[in-house]
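Good morning, everyone, and thank you for making time for this. I would like to take you slowly through one structure, so please have it open and follow along as I name the places to look.

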Amino acid sequence: MELIEAINTRRSIRRFQERPVADEHIQTIIEAAMLAPSAGNQQPWHFIVITDREKLNAIPAFHPYSGMVHTAPVAILICGDPAGGAWPEFWVQDCSAAAQNALLAARDLGLGTVWVGIYPIEERIAGFRRLLAIPEHIHPFALIPVGWPAGSFHPVNRTRPERVHRETW
């Protein structure tokens with residue numbers, strides 16, 4: 001698949017087939033995420049791969065917009081560690097770039113994903129820390145449920161020329 005096709009057909013998928021995702025696919029997605037740009041090349045990200053059905057099913061108890069994890073065979077939690085880098089204030093942007101790379105890599109593999117926001121909502125952060133024993137200095141940032149979509153990808157034109165400005169506002 002060409003990159004522009006992956007971008008044009010990527011959608012937030014909230015229903016998944018009852019079909020496992022190969023470990024090789026998850027590895028490819030994480031490797032793509034780790035190729036994202038980061039401020040000063042600090043790479044502040046950590047990834048937790050969640051396949052345990054009990055853990056996945058526990059997430060909606062503290063995250064009200066995560067019900068799709070009930071059908072996802074796997075989810076990838078992206079966490080940020082602002083310590084140790086020259087540009088600690090940019091970890092959110094760095095993890096955002098990693099998340100987008102992960103979404104596009106999954107789409108390229110034919111998989112469906114959805115970006116489930118966590119940071120900066122404290123009750124969601126605390127819930128993930130409790131569930132997955134995440135240290136206090138690590139910030140749960142975004143959850144990406146991954147699976148084979150129960151539906152198809154359709155391109156949608158979201159171009160809004162009125163949002164493009166040249167030289168000045």
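I will go through a few loops, then a helix and its surroundings, and finally some charged pairs and a surface patch. Please keep in mind throughout that this is a predicted model.

Let me begin with the loop between α2, which covers residues 23-34, and β1, which covers 45-50, because S38 is found there. Is S38 buried or exposed? With a relative accessibility of 15%, S38 counts as buried, because the cut-off for that word is under 20%. If we leave aside its neighbours within four places in sequence, S38 is in contact with Q43, P44, W45 and D94. For a sense of distance, you can also look from S38 to G147, which is 109 residues away along the chain, and there the C-alpha atoms are separated by 27 Å.

Two other residues in that loop deserve a moment. N41 is found between α2 and β1, and its phi is near 55 degrees, a positive value in a residue other than glycine. N41 counts as exposed, since its relative accessibility is 55%. Q43 lies in the loop between α2 and β1 as well, and it has a positive phi near 45 degrees, again in a residue that is not glycine. Q43, however, is partly exposed, with a relative accessible area of 37%.

Now please move to the loop between β2, residues 74-80, and α4, residues 91-108, where D81 lies. Which side chain of opposite charge is nearest to D81, and how far away is it? That side chain is R129, at 9.3 Å, and D81 is buried yet has no salt bridge. In general, side chains of opposite charge can pair when their charged atoms come close. What the side chain of D81 does reach is the backbone nitrogen of A83, at 3.1 Å. Not counting residues up to four places away in sequence, D81 touches P44, H46, H137 and I138, and you may recall P44 from the contacts of S38.

R129 brings us to helix α5, which spans residues 122-132. Buried residues in α5 include R124, I125, G127, F128, R129 and L132. What do these buried residues pack against? They pack against β1, α3 (53-58), β2, β4 and β5 (139-147). At the two ends of this helix there are backbone features that are easy to miss. In the loop between β4, residues 116-117, and α5 sits P120, and a cis peptide bond joins Y119 to P120, with omega at about 15 degrees. Just after α5, A133 takes a positive phi of about 55 degrees.

Staying with R129 for a little longer, let us turn to charged pairs. How many salt bridges does the structure hold? It holds two. One of them joins E136 to R129, with the closest N and O atoms 3.5 Å apart. The partners have contrasting surroundings, as R129 counts as buried at 11% relative accessibility, whereas E136 is exposed, with a relative accessible area of 61%. R160 forms a salt bridge with E162, where the closest N and O atoms are 3.2 Å apart, and R160 is partly exposed at 43%.

Next come two loop residues on either side of α3. T51 is found in the loop between β1 and α3, and with a relative accessible area of 53% it is exposed. Beyond its neighbours within four places in sequence, T51 is in contact with L56, P73 and V74. T51 and P20 are 31 residues apart in sequence, and their C-alpha atoms are 9.7 Å apart in space. S66, by contrast, has its place in the loop between α3 and β2 and is buried, with a relative accessible area of 0%. Leaving out residues up to four places away in sequence, S66 touches I59, P60 and V116.

My last stop is helix α1, made of residues 3-9, where L3 lies. L3 is exposed, with a relative accessible area of 53%. Together with I4 and I7, L3 forms a nonpolar patch on the surface, and the accessible area of these residues together is about 290 Å².

Thank you for listening, and please stop me with any questions.

Definitions and conventions. Residues numbered from 1 in each chain as written. Predicted model: local features only at pLDDT ≥ 70, side-chain atom pairs only at ≥ 80, totals over all residues. Heavy atoms only, no water. Helix = DSSP H or I, 4+ residues; strand = E, 2+ residues; numbered from the N terminus. Buried < 20%, exposed > 50% of the residue type's maximum accessible area, 1.4 Å probe, protein only. Contact = heavy atoms within 4.5 Å. Lys, Arg positive; Asp, Glu negative; His and termini not counted. Salt bridge = Lys/Arg side-chain N within 4 Å of Asp/Glu carboxyl O. Polar contact = N/O pair within 3.5 Å; in protein donor to acceptor, adjacent residues only side chain to side chain. Patch = residues over 30% accessible without salt bridge, like charges linked within 9 Å, V, L, I, M, F, W, Y side chains within 5 Å. Areas by Shrake-Rupley, 256 points an atom, 1.4 Å probe, with all protein chains shown as cover.
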